[in-house]
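Reader: I would like a close look at one part of this model, namely the place where the two chains meet. Please take it slowly, and add what can be said about selected serines and cysteines elsewhere.

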Amino acid sequence: MSPIIRVNNLTAGFADRIVLRDISFDVQRGEVFVIVGGSGSGKSTLLKHMIGLYQPQCGTICIEGEDIVAAHGSERQSILRKIGVSFQTGALFGSMSILDNVCLPLEAYTDLPKQAIAMIARMKLQLVSLGDAANRMPAELSGGMRKRAAIARAMALDPLILFLDEPSAGLDPVLSAELDALLLNLSRVLHVTLVVVTHELNSIFTIADRILMLDGATQTIAADGPLLKLLAHANPQVRRFFAPNKEQM
Amino acid sequence: MSNFQLTIAEDRLTLSLRGRLDAYSILAVWREASEVLAEIDSARVVIDGTQIDYCDTAGAAMLLDLAQIARATGAETEFVNLSEQVQQFLKLFDPTTLAAQNRQEDRSSWLERIGQWGSRVGNEFVTLISFVGEAASALVIALRHPACIRWGDAMRIAREAGVDALPIVSLISFLIGVILAFQAAAAMSRFGAEVFVADLVGLAVLRELGPLMTAILLAGRSGAAFAAELGTMKVNEEIDALSTLGFEPVRFLAVPRILATVAVIPVLTVYANLIGLIGGAIVMMGFGISLVSYYQELLGVLSLSDLLTGLGKALLFGVIVAGVGCLRGLQAGLGAAAVGRSATSAVVSAIVLIVAVDGLFTVIFYYAGI
């Protein structure tokens, strides 16, 4: 089966500074693909290139065979409808209730009547256990609730791929575990492909089917594979990332 | 072609759905099937999913809604031949809660709403009083210990509120002078009394329009800026950080702004008065009144008290603009929208207060014979 995302020879950066150098990898359909790396290794930069926010210096990023880098206009819109993005801070629209935040993409891209849209949006909020908070404003929510609301909005159009930037950053271990369970549920029941940027080890151990580790020093891929493979990787830096205490002893 | 088929056999109605059930394709089938199901007279409804190729949340919403509509007619309703995935998917949702939430409306009564409004107004008033008290006490402390004032901030704010406002104050004051002179001259020329237009322009600009327009411009520029700046600081938790460091936010943030505004507004008002009079002079020259006559007329009608009453009001307007701007900023809620609301509210509240205070002063000065 062809990969749902194919990143080919991607080189990216800002002005003269290269952040990612000649990176290539595939993401398979239904996979929970986790991008890890030290601070400043280019995780979020890679994610923003994959969702078409940044233009790379060279290389291609194909989503279901269509290159998001070269796409413009309606072609780009059709690619963007296949993806949902949950940003690090949630990025919910502060002037709208949580329900309206989730309704927004449905109102923009479908012809469904308002009542049907509200029902679908409430179902999304039920999925992330925010059914009772539908009419609350983002400012009235806790950090964990905001992250879940952002996931509900990202899922509004039932995307094939869900990109999540640091979904559990700043959450306590209990909330973080709940969020991991939610992501696994989305992956298993809705068969959504998840691309997650995180450096929370517990989350990585819980949800990752495959891990891509970036090396900030060489701006390339340090390791790529399932967790067990990376735990036994030849590169000690990779092993230290996943088992810091063990490597120090 | 419809994406559903109806089969009626004895007391059973079977609704067979087929193809993709997603947000982009279900509109027609949802509408048609809902209409049919709402009018059925069967004891039993079966929703058959044998031919469903794909079902997303929108499709699931439709399935749950159709079942709800059928049940509302009293029919016993069941799903058959749904794929394992669709069954699993439907289990994630609670249709009863969804239906209840969809029916939910704002049920608060008018009495409740009046109560809520009254409580909001009361809270606003309490906040206003406490801010005025806090700011007054902070100002007194700051004036007794000038070294405590953040003079760097005060100078920056004075430059932004004063020097940077000169172009817009010039333009508006000039146009006010021109418009006033034109309107008055057009009426007075019928009686050959064009020369008295200078009296009207002089008195109106010095006593009313100079201070008023300057204050309104200041409210639009600096009052909104104060509210937005302090509101953003609140959103970024900078105000909380100040409190935990032992600083009083009002003393640290509001005092330099109030002092800077009070310092620049009289200067801006004098400048606005001058430009307004120049605007009037240019129009008068067009009506054949020489600059010397215009000047002589102004000297004859204007007194120092006219200038001082205008400047006195301007000082109070300055306190209002800076105080309201800071208050609204410190009151801001969380989020970008709250910052926008606090900036808007700062401008609107300041303008309303300025006009109200100006009206009050006009009446007081009239009866005091000033």
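Author: What follows describes the interface of the two chains, then the cysteines, and then two serines.

The model is predicted, and the values below are computed from it. Where chain A meets chain B, 28 residues of chain A are in contact with 26 residues of chain B. The area buried between chain A and chain B comes to about 2,400 Å², and carbon and sulfur atoms give 65% of that area. On the side of chain A, the residues that lose the most area to chain B are Met119(A), Met123(A) and Gln126(A), which together make up 27% of what that side buries. As for polar links, the rule finds zero salt bridges across the interface of chain A and chain B, while two residue pairs are in polar contact between these chains, both at pLDDT 80 or more. Two or more residues of the side of chain A that touches chain B come from each of helix H4 (114-127) and helix H6 (173-190) of chain A. Of the elements on that side, H4(A) gives the most, with 10 residues. Sorted by kind, the residues of chain A that touch chain B are 13 nonpolar, nine polar and six charged.

Turning to the cysteines, the structure holds zero disulfides over all chains. Cys62(A) is in no disulfide, and the nearest cysteine sulfur, which belongs to Cys58(A), is 14 Å away. Cys62(A) counts as buried, because its relative accessibility is 18%, under the limit of 20%. In chain B, the sulfur of Cys55(B) is too far for a bond, because the closest cysteine sulfur, in Cys103(A), is 19 Å from it. Cys55(B) is also buried, with a relative accessible area of 5%.

The serines come last. Ser41(A) is located in the loop between strand S3 (32-37) and helix H1 (43-50) of chain A, and is buried, with a relative accessible area of 3%. A polar atom of the Ser41(A) side chain lies 2.7 Å from the backbone oxygen of Gly38(A). If neighbours within four places in sequence are left aside, Ser41(A) is in contact with Val19(A), Leu20(A), Leu214(A), Asp215(A) and Gly216(A). Ser83(B), in turn, is found in the loop between strand S4 (76-80) and helix H3 (84-91) of chain B, and counts as partly exposed at 37% relative accessibility. From C-alpha to C-alpha, Ser83(B) and Thr7(B) are 21 Å apart in space, with their positions 76 residues apart in sequence numbering.

Definitions and conventions. Residues numbered from 1 in each chain as written. Chains lettered and ligands numbered in written order. Predicted model: local features only at pLDDT ≥ 70, side-chain atom pairs only at ≥ 80, totals over all residues. Heavy atoms only, no water. Helix = DSSP H or I, 4+ residues; strand = E, 2+ residues; numbered from the N terminus. Buried < 20%, exposed > 50% of the residue type's maximum accessible area, 1.4 Å probe, protein only. Polar contact = N/O pair within 3.5 Å; in protein donor to acceptor, adjacent residues only side chain to side chain. Contact = heavy atoms within 4.5 Å. Buried area = accessible area lost by both parts, 1.4 Å probe. Salt bridge = Lys/Arg side-chain N within 4 Å of Asp/Glu carboxyl O. Nonpolar A, V, L, I, M, F, W, Y, C, P; charged D, E, K, R; others polar. Disulfide = S-S within 2.5 Å.
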